[in-house]
Amino acid sequence: MNARTKMILGRMAQAIPVVMGVVVISFLLTRALPGDPAAYFAGPAADEASIAEIREALGLDKPLFQQFFLYVGDLARGDLGTSLTTGQTVMSDLAARLPASLELTLVALLLSCAIAIPLGVLAATRPGTWVDHLCRVLVTAGVSMPTFFTGIVLIYVFYYLAGLAPSPLGRLDFIYLSPPHVTGFYLIDAALAGDWETWFGALKQLILPATTLALFTLAPIARMTRAAMLSALSSDFIRTARAAGLGSRKVLYGYAFRNALLPVVTTLGMVFSFTLGANVLVEKVFAWPGIGSYAVEALVVSDYAAVQGFVLAMALLFVALNLVIDIAYALIDPRIGLN
Amino acid sequence: MVDMTSSQPARKGDTTLGHIAYVLKDNPVTMLAFAMLAFFLGCAFFGPALVPYDPLATNAARALEAPSWDHWFGTDNLGRDVFSRVIVATRLDLTISVAAVALSFVVGSILGSIAGYWGGWLDAVLNRCLDTIMAFPLFVLAMGVVAALGNTVENIIYATAIINIPFYARLVRAEVNIRRNAGFAQAAKLAGNSDLRVLAVHIFPNALPPMMVQVSLNLGWAILNAAGLSFIGLGVRPPTPEWGIMVAEGANFIVSGEWWLAVFPGLWLMLAVFTFNLLGDGLRDIVDPRKRT
């Protein structure tokens with residue numbers, strides 16, 4: 001137990017230089033602006049005097065080294081600047097929109113894990129059968145599908161042709177009132193309020209975008225599960241377990257699956273990276289009011305502080321997720337803490 | 001790859017070409033991938049000269065027509081021929097991804113070779129930098145880079161190259177690192193070759209086969225990435241035909257049932273990515289038969 005705690009603390013310490021690197025890159029991106037950053041931050045309507053004022057306010061007249069510390073100081077206070085389009089601070093904009101993105105991402109990941117992991121296990125235990133072929137086709141097709149295209153095809157089929165899905169415009173149809181804000185996750189908030197009509201309304205809006213993202217993440221998870229299961233099933237300890245006369249269910253789920261789960265958990269980190277990127281595209285397709293569509297709107301009008309804050313927030317989110325995955329790994333793996 | 005048959009083709013397969021021919025005969029899917037690659041390259045080189053309509057010519061009288069014999073893929077909201085635009089776009093999309101992958105190949109090879117051969121603090125610094133790049137969700141980093149450098153096609157290429165560099169640098173670093181003290185490298189060194197020459201001529205070529213696989217898989221990913229960036233309005237400007245932006249424009253018409261605007265460029269994009277992915281798997285079979293799945 002002691003060694004395990006030490007390993008978790010060590011892993012958390014490793015995240016510190018990465019966070020510092022992320023902050024440095026994000027700072028460099030701000031300074032790499034073509035032209036005058038002050039003019040960008042001031043917006044198109046600014047005149048000479050206000051640009052000079054902003055340059056002073058942002059500390060852009062100071063040496064680069066000093067600017068970096070000012071930047072870090074601002075970050076420490078949670079100040080990411082002010083968005084030109086909304087007039088709010090970037091921090092409050094991101095905080096208001098983050099639950100929408102997280103709800104979409106998490107539902108999509110749960111969905112794809114629920115399909116991909118059993119599919120991978122079945123494909124590995126029955127090689128050469130139709131399950132195996134289905135898995136292979138899904139894996140190859142899945143990595144070639146542009147998410148934004150999948151989303152559009154799904155809208156065409158389920159909204160325009162079949163009429164099953166509601167119009168792809170945001171988190172909730174306008175006939176419903178959004179549930180009282182507790183967590184910002186509509187599914188949870190509506191359930192807490194006991195408002196099941198709204199809950200179903202939110203779920204209906206969520207299904208198509210979540211399926212789009214899930215189709216995208218299905219491929220790497222299924223591929224990894226299948227490979228990990230195959231290598232676990234061919235290892236010595238499985239042969240020993242079988243030779244000892246253990247039942248096939250016990251061998252499969254008690255020994256092979258638990259060991260195969262470890263590489264799958266590791267892959268989830270990479271999958272998160274892709275999901276957070278794909279999120280931006282899916283949010284644009286479905287007019288989902290998350291931080292991805294916020295960044296896209298900001299990009300179009302060169303609202304620089306907003307884009308900057310978005311990139312930094314996504315990177316920090318990703319670092320945090322990877323940390324959680326690694327800690328989960330340490331908790332799952334029974335070998336850690338023994339030696 | 002069954003042992004029983006290996007005695008016969010082994011004689012013919014002594015040469016590299018013979019081996020490639022043998023693997024290809026065994027795997028029709030890779031043949032298909034090569035044929036599709038030839039098709040896309042043909043479109044890129046000759047497409048603009050062969051298409052039936054000017055991809056930029058508008059014709060208000062025939063706007064939003066469904067696919068027909070006149071217009072195979074229909075026409076868009078300005079009456080432009082979707083088929084011509086899809087074919088002409090091939091050149092731009094392939095150029096972006098090939099340029100980006102070539103750039104990351106070169107930069108990644110140089111960085112990885114230096115880190116793998118000399119090791120020490122160079123290696124540590126490079127690894128830290130690569131870790132930091134990988135700490136970003138890669139598409140998001142590409143968005144940030146394009147936003148910072150400016151909204152042009154060249155910057156799409158740079159952004160796509162930057163997010164691909166870690167993969168190449170790590171691969172080359174690993175391949176160089178395990179060989180830097182190998183017998184042949186030491187022999188070359190003793191024979192009076194400089195470090196740089198040993199690295200470039202004797203060690204680095206060993207990393208090329210796995211690099212080729214990586215290139216092919218990466219090309220597909222680079223196309224997806226570039227199309228994704230232009231889908232959200234970065235890089236390519238509207239009248240220019242490009243798959244991502246065509247899907248984005250067509251998306252506005254999908255809810256009213258004009259599916260051909262978005263579906264055909266999307267399909268073409270998917271086919272191109274699919275081709276490179278199949279090619280990557282096929283190349284891996286040729287390069288490293290043990291990893292076949």
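**Two helical chains and the contact between them**

Of the 293 residues in chain B, 51% are classed as buried. This value, like the others reported here, comes from a predicted model. The secondary structure of chain B consists of 12 helices and zero strands. Read from one end of the sequence to the other, the elements of chain B therefore follow the pattern α-α-α-α-α-α-α-α-α-α-α-α, given that helices and strands are numbered from the N terminus. Along the principal axes, the C-alpha atoms of chain B fill a box of roughly 75 × 55 × 30 Å. Contacts in chain B between residues at least 6 apart in sequence were also examined, and 71% of them join residues at least 24 apart.

Chain A has 339 residues, and buried residues make up 45% of them. Its secondary structure comes to 13 helices and zero strands, and the order of elements from the N terminus is α-α-α-α-α-α-α-α-α-α-α-α-α. The C-alpha trace of chain A spans about 85 × 55 × 40 Å along its principal axes. Among contacts in chain A with a separation of 6 or more, 72% are accounted for by residues 24 or more positions apart.

The contact between the two chains was considered next. It takes 44 residues from chain A and 44 residues from chain B. The size of an interface is often given as the accessible area lost when the parts come together. For chain A and chain B this buried area is about 3800 Å², with 81% of it on carbon and sulfur atoms. Three residues, A:Phe148, A:Phe149 and A:Leu299, supply 16% of the area that chain A buries against chain B, which is more than any other three residues supply.

On the side of chain A that touches chain B, the elements giving two or more residues are α1 (2-31), α6 (130-144), α7 (147-161), α11 (248-285), α12 and α13 (304-332) of chain A. The element that gives the most to this side is α11(A), with nine residues. By residue class, the side of chain A that touches chain B divides into 37 nonpolar, five polar and two charged residues. Between chain A and chain B the count of salt bridges is zero. The count of residue pairs in polar contact, with both residues at pLDDT 80 or more, is likewise zero between chain A and chain B.

Individual residues were then examined. In chain A, A:Ser293 lies in helix α12, which covers residues 291-300. A:Ser293 has a relative accessible area of 8%, so it is buried. Leaving aside residues up to four places away in sequence, A:Ser293 touches A:Arg97, A:Glu283 and A:Trp288.

Two cysteines of chain B fall into separate accessibility classes. The relative accessibility of B:Cys43 is 8%, and B:Cys43 therefore counts as buried, the cut-off for this class being under 20%. B:Cys129, at 44% relative accessibility, counts as partly exposed because the value lies between the cut-offs of 20% and 50%. A search of the whole structure for disulfides finds zero over all chains.

How values were computed. Residues are numbered from 1 along each chain as its sequence is written. Chains are lettered from A and ligands numbered from 1 in the order in which they are written. This is a predicted model: local features need pLDDT of at least 70, side-chain atom pairs count only at pLDDT 80 or more; totals for chains, interfaces and linings use all residues. Side-chain values use heavy atoms; hydrogens and water are left out. Helices (H or I, at least four residues) and strands (E, at least two) are DSSP runs, numbered from the N terminus. Buried means under 20% relative accessible area, exposed over 50%, partly exposed in between (1.4 Å probe, protein chains only). Contact means heavy atoms within 4.5 Å. A disulfide is a pair of cysteine sulfur atoms within 2.5 Å. Buried area is the accessible area (1.4 Å probe) that two parts lose on being put together, summed over both. A salt bridge is a side-chain nitrogen of Lys or Arg within 4 Å of a carboxyl oxygen of Asp or Glu. A polar contact is a pair of N or O atoms within 3.5 Å; within protein, one must be able to donate a hydrogen and the other to accept it, and residues adjacent in sequence count only if both atoms are side-chain atoms. Ala, Val, Leu, Ile, Met, Phe, Trp, Tyr, Cys and Pro count as nonpolar, Asp, Glu, Lys and Arg as charged, and the others, Gly among them, as polar.
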